[in-house]
Amino acid sequence: MSETETRDFIRQIIHDDLESGKHAEIVTRFPPEPNGYLHVGHVMSICLNFGVAAETGGRTYLRLDDTNPGKESKEYVDAIKRDVHWLGFDWEDRLTHASDYFGKLYESACRLIEMGCAYVDSLSADEIREYRGTLTEAGRNSPYRNRSVEENLDLFRRMRAGEFGDGEHVLRARIDMSSPNMNMRDPALYRIRHIPHQNAGDEWCIYPMYDFAHGLSDAYEHITHSLCTLEFEDHRPLYDWFLDQLKPEHRPRQIEFSRLNLAYAVTSKRKLNTLVEEGIVSGWDDPRMPTIAGMRRRGYPVAALREFVTRAGVTKKDKLIEMGMLENCIRETLGEQAERRMAVLRPLKVILTNYPENTVEMMSAMNHPARPELGTREMPFSRELWIEQDDFMEEAPRKFFRLRPGGEVRLRFGYIIRCDEVVKNAAGDVVELRCSYDPDTRSGTGSSNRKVKGTIHWVSCEHAVDASVRLYDRLFNEANPNAVDDIHSALNPKSLEVVDGKLEPALMELSAGQAVQFERLGYFCPDEKDDSAGARVINRIVTLRDSWAKLEKQAMQQQNQVV
RNA sequence: UGGGGGAUCGUCUAGCGGUAGGACUGCGGACUCUGACUCCGCCAACGGGGGUUCGAAUCCCUCUCCCCCAGCCA
């Protein structure tokens with residue numbers, strides 16, 4: 001009964017179109033405008049467009065929708081190509097630009113004029129806005145609406161020839177100024193822009209609008225299903241209008257689905273831009289950014305991202321997905337893939353008073369608890385060690401089973417130790433622990449069966465590798481920062497914390513982007529830009545789930561309620 | 001107030017006239033040389049009101065709420 005496979009509504013449509021013979025092959029396109037970096041929302045669109053085609057043996061175009069020069073650049077084009085590739089998709093020879101079709105588009109516009117379906121308007125932008133009317137009032141016809149075909153053709157040719165300045169004229173479709181759909185009130189088709197184009201260079205000084213270029217580009221590429229987000233829903237009548245008038249050989253169908261919004265993250269291009277321009281983040285690829293470049297640098301695995309958008313699903317309902325969903329996908333893939341290592345982020349020194357000086361033992365540590373085939377590594381153990389400050393509490397609650405004065409704890413892959421003495425500085429801070437180890441409890445030896453409740457991680461002081469470790473948290477405190485006018489008020493001031501950590505020597509070998517689990521802490525990888533052999537710079541990808549932290553938090557809240 | 005869409009556990013999502021299911025989260029427990037992982041269990045939803053029907057999340061009517069549209073942006 002549960003065997004019936006379930007498809008989202010778009011895959012259902014595509015399945016039906018294939019089954020009915022309406023299409024023999026599915027052709028889709030991913031059409032970003034190269035005016036910014038791709039973000040988590042685009043991951044959804046990329047996976048959908050490339051996914052449905054791949055699943056049905058079809059093809060997908062990567063089309064740069066570059067109809068508005070001045071906002072677009074080569075930098076963004078390159079970033080888009082890099083990001084789509086990184087996600088694991090291949091457009092082969094199907095990299096196109098809307099600008100590749102400027103010639104055909106121009107001819108189509110002329111045909112529209114000849115058919116009496118388009119005219120050159122000489123109203124100013126402000127006047128056009130006034131004439132358009134409002135949501136509840138019909139618009140008025142422009143005084144230029146009834147120019148003759150000859151005059152329109154002449155004017156349009158002269159627009160193209162560069163005889164007019166920016167804004168002097170615009171080519172408009174002649175549809176219906178009283179349409180309840182604002183998009184049908186004689187939308188602009190072409191505007192004059194005397195600026196060079198990132199792909200077409202100086203060839204043009206008039207540029208087509210999205211609505212005119214998009215559907216026709218789809219037709220030229222024989223796109224069968226043109227998938228876009230919900231806000232284009234009421235552009236569909238216009239999309240279809242152009243196809244109805246110009247009757248291209250292939251007729252694409254536009255289908256809309258809802259955007260993917262991630263809680264506590266912005267995907268508005270304008271807001272992303274603000275973050276970059278004001279230096280709130282270090283760039284488009286700052287590891288806190290929800291851009292694909294940022295997530296890649298942060299260390300999010302591709303498989304996790306793809307799984308995430310699959311779980312999010314394809315529907316028409318507005319979504320605001322919890323971070324936890326993404327984090328779960330990341331932990332799931334990394335938990336299986338990432339080798340384990342040890343690192344101390346906030347070091348506290350431990351001296352084993354009964355351990356011989358100038359002695360080093362090599363402890364064998366498993367690289368993955370569930371995958372013995374990944375082998376082991378040797379960890380040097382000596383008299384002076386770093387442990388995590390959090391793993392010691394002078395006055396510990398009953399449930400705390402790490403180290404406390406007089407208490408015992410196991411050092412992972414090492415010995416059981418007892419805390420004998422707490423050393424403090426003048427300010428009263430704990431600066432050192434003097435402990436004794438139990439020689440009979442060495443990990444893996446026959447006599448090591450004695451159990452203690454807690455196990456903590458450690459690094460030998462003498463052998464430790466210094467590292468600057470970047471701990472990231474959400475960029476915003478507001479669940480939906482997209483909806484906030486001033487993002488500054490929504491920023492999380494603690495989105496980045498940098499600590500000086502101590503790494504086990506094996507971490508010397510880590511290569512850029514290679515993710516490992518620091519046991520009991522989380523998943524980490526070297527920063528692809530700032531890390532170097534001489535100075536380790538490590539990003540925290542995501543923490544481990546931490547039920548102790550949760551308990552602590554609850555206890556804290558209860559305490560606050562009592563007080 | 002015009003037009004276009006959308007409402008199912010806290011969050012995603014399945015359902016297509018026949019027992020409202022899954023994932024994430026949350027809660028409880030088992031296990032543990034990672035308070036991780038894994039395993040077990042639990043909480044939790046059809047926006048409201050009418051109808052049709054033996055039977056409605058599903059069909060009809062109605063109300064409510066949410067999102068999008070007044071760029072020479074995409």
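**Entry 1: Glu221**

I began with Glu221, which sits in the loop that links α7 (210-220) and β8 (225-229). I kept in mind from the start that this is a predicted model. Is Glu221 buried or exposed? I found it buried, at a relative accessible area of 2%. Buried here stands for under 20%, so the 2% of Glu221 falls under that cut-off.

Next I listed what Glu221 touches, skipping neighbours within four places in sequence. The contacts are Val27, Arg29, Tyr61, Arg63, Thr96 and Tyr101. I noted Arg29 and Arg63 as two of the names on that list.

**Entry 2: Phe308**

I then moved to Phe308, which belongs to helix α11 (residues 302-312). Its relative accessible area is 0%, so I wrote Phe308 down as buried.

Which residues does Phe308 contact once neighbours within four places in sequence are set aside? I got Val40, Leu260, Leu262, Ile321, Met325, Leu326 and Cys329. I looked up one of these, Leu326, a little further: Leu326 and Phe308 are separated by 18 residues in sequence, and their C-alpha atoms lie 5.8 Å apart.

**Entry 3: the seven-stranded sheet**

I traced an open sheet of seven strands with mixed pairing, in the order β21-β18-β19-β20-β14-β17-β22. At its edges I have β21 (455-456) and β22, each paired on one side only. As a reminder to myself, strands of a sheet pair through backbone hydrogen bonds, in a parallel or an antiparallel sense.

I walked along part of the order, pair by pair.

- β19 (residues 416-424) runs antiparallel to β20, with eight bridges between the two. Val423 has Glu432 in β20 as its bridge partner.
- β19 and β20 make a hairpin with five residues between them. In the turn I noticed Gly428, with a positive phi of about 90°.
- β20 (residues 430-438) and β14 are parallel and share four bridges. Ile351 is bridged to Arg434 in β20.
- β14 (residues 347-352) is antiparallel to β17, over five bridges. Pro347 stands across from Glu388 in β17.
- β17 and β22 (residues 458-460) are antiparallel, joined by three bridges. In β22, Val459 is the partner of Trp386, and Trp458 is the partner of Ile387.

How many of the five residues of β17 are buried? I counted four in β17 (residues 384-388), a strand that is mostly covered. β17 stands between β14 and β22 in the sheet order.

**Entry 4: chain A as a whole**

Last, I stepped back to the full chain. Its secondary structure amounts to 13 helices and 27 strands. Why do I call chain A more spread out than a compact globule? Its radius of gyration is 31 Å, whereas the globule rule gives 24 Å for 563 residues, so the value is well over the rule. Along the principal axes, the C-alpha atoms fill a box of roughly 100 × 55 × 50 Å.

I also noted that 52% of the 563 residues count as buried. For contacts between residues at least 6 apart in sequence, 70% join residues at least 24 apart. The accessible surface is about 26400 Å², and carbon and sulfur atoms account for 46% of it.

My final note is on charge: I have 75 positive and 91 negative side chains in chain A, and the centres of these two sets are 3 Å apart.

Note on methods. Residues are numbered from 1 along each chain as its sequence is written. Chains are lettered from A and ligands numbered from 1 in the order in which they are written. This is a predicted model: local features need pLDDT of at least 70, side-chain atom pairs count only at pLDDT 80 or more; totals for chains, interfaces and linings use all residues. Side-chain values use heavy atoms; hydrogens and water are left out. The radius of gyration is taken over C-alpha atoms; the globule rule is 2.2 Å times the number of residues to the power 0.38. Buried means under 20% relative accessible area, exposed over 50%, partly exposed in between (1.4 Å probe, protein chains only). Contact means heavy atoms within 4.5 Å. Accessible areas come from the Shrake-Rupley method with a 1.4 Å probe; for residues, only the protein chains shown count as cover. Lys and Arg count as positive and Asp and Glu as negative; His and the chain ends are not counted. The place of a charge is taken as NZ of Lys, CZ of Arg, CG of Asp or CD of Glu. Two strands pair if DSSP finds at least two bridges between them.
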